[in-house]
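Reader: Could you walk me through one part of this structure up close? I'd like to know what is packed inside and how the pieces touch each other.

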Amino acid sequence: MTEQQLRDEMVRIGASLFERGYATGSAGNLSLVLPDGNILATPTGSCLGTLNGATLSVVTPDGEWVSGDKPSKEIIFHRAVYQNKPECRAIVHLHSHYLTALSCLEGLNSQNCIRPFTPYVVMRVGDVPVVPYYRPGDKRIAEDLAQLAPHYNAFLLANHGPVVTGSSLQEATNSTEELEETARLIFTLGERAIRYLTPAEVDELR
């Protein structure tokens, strides 16, 4: 895609996420890698439902603000993922309802917070590790994601929300929606006995 097409895609996907309730207010941010290697991102304080393609932020891989409105302070962890996961070309970070609720629970498995009970998260995302709670914008989020990025496609920030990678913004969005639906199922099932996938079944899906 050209840069203009990528800008249009970010506006379209942002609006879709907002209109369908995956994002509220000015929460969450999107980014992708442009053809020249710079990063296109949603500006600080922007609403995903009303993005303007002409004013989206552009920063270098080193974090220099090149053009557009001021980038979100959370661009620091987007950059950390890109620098340590070369195949990643886009990132979706939302405060979506069910994944954020899941991120607030105690006792989550820090190596994989979603024990497989449907095949789709295994096939499309894989394990989802938990990053400990840090204040939004804290550089330790970036440091932890830098360590995890080579090995995982998605992460859950404790008491905060998901960070999901993809080879395109559409792929990252699709994976985010799959994770959100799985988290919704977790709360729907509640205390009922769940038939989890066996290790052999998980291996077959992978």
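Author: Here is a walk through one helix, its surroundings and a few spots further out. First the ground rules: this is a predicted model, where local features need pLDDT of at least 70 and side-chain atom pairs count only at pLDDT 80 or more, while totals for chains, interfaces and linings use all residues. Numbering runs from 1 along each chain as its sequence is written, and side-chain values use heavy atoms, with hydrogens and water left out.

Let's start with helix α5 (139-148); helices (H or I, at least four residues) and strands (E, at least two) are DSSP runs, numbered from the N terminus. Ile141, Ala142, Leu145, Ala146 and Leu148 are the buried residues to look at in α5, buried being under 20% relative accessible area, exposed over 50% and partly exposed in between (1.4 Å probe, protein chains only). They sit on the same side of α5, because they cover an arc of only 165 degrees around the axis, the arc being that of the directions from the helix axis to the C-beta atoms. As a reminder, an α-helix has 3.6 residues a turn, so residues three or four places apart point the same way. Turn to the face away from that buried side and you find the exposed Lys139 and Gln147.

The N-terminal end of α5 has a cap: a side-chain oxygen of Asp138 lies 2.8 Å from the backbone nitrogen of Arg140. The buried residues of α5 pack against α2, β6 (130-131) and β7. Leu145 touches Phe77, Val81, Val131 and Phe155, leaving aside residues up to four places away in sequence; contact here means heavy atoms within 4.5 Å.

That brings us to the largest nonpolar core, with 23 residues, where Phe77, Leu145 and Phe155 touch the most other members. Such a core is a set of buried Ala, Val, Leu, Ile, Met, Phe, Trp, Tyr and Cys residues joined through side-chain atoms within 4.5 Å. At least two of its residues come from each of β2 (39-41), α2, α5 and β7 (154-157). Another core, of 19 residues, lies apart from it and includes Ile13, Leu17, Leu32 and Leu169.

Now for the partner helix, α2. Seven of the 10 residues of α2 (residues 75-84) are buried, so the rest of the structure largely encloses this helix. Those seven are Ile75, Phe77, His78, Arg79, Ala80, Val81 and Tyr82.

Phe77 and His78 also belong to the neighbourhood of His93, which touches, among others, Gly28, Asn29, Glu74 and Leu157, again not counting residues up to four places away in sequence. His93 is in strand β5 (residues 90-93) and is buried at 0% relative accessibility. Its side chain makes a polar contact of 3.3 Å with that of His95 and one of 3.1 Å with that of His160. A polar contact is a pair of N or O atoms within 3.5 Å; within protein, one must be able to donate a hydrogen and the other to accept it, and residues adjacent in sequence count only if both atoms are side-chain atoms.

Asn159 is in the loop between β7 and β8 (161-166). Asn159 has a positive phi of about 55 degrees although it is not a glycine, and it is partly exposed at 43% relative accessible area.
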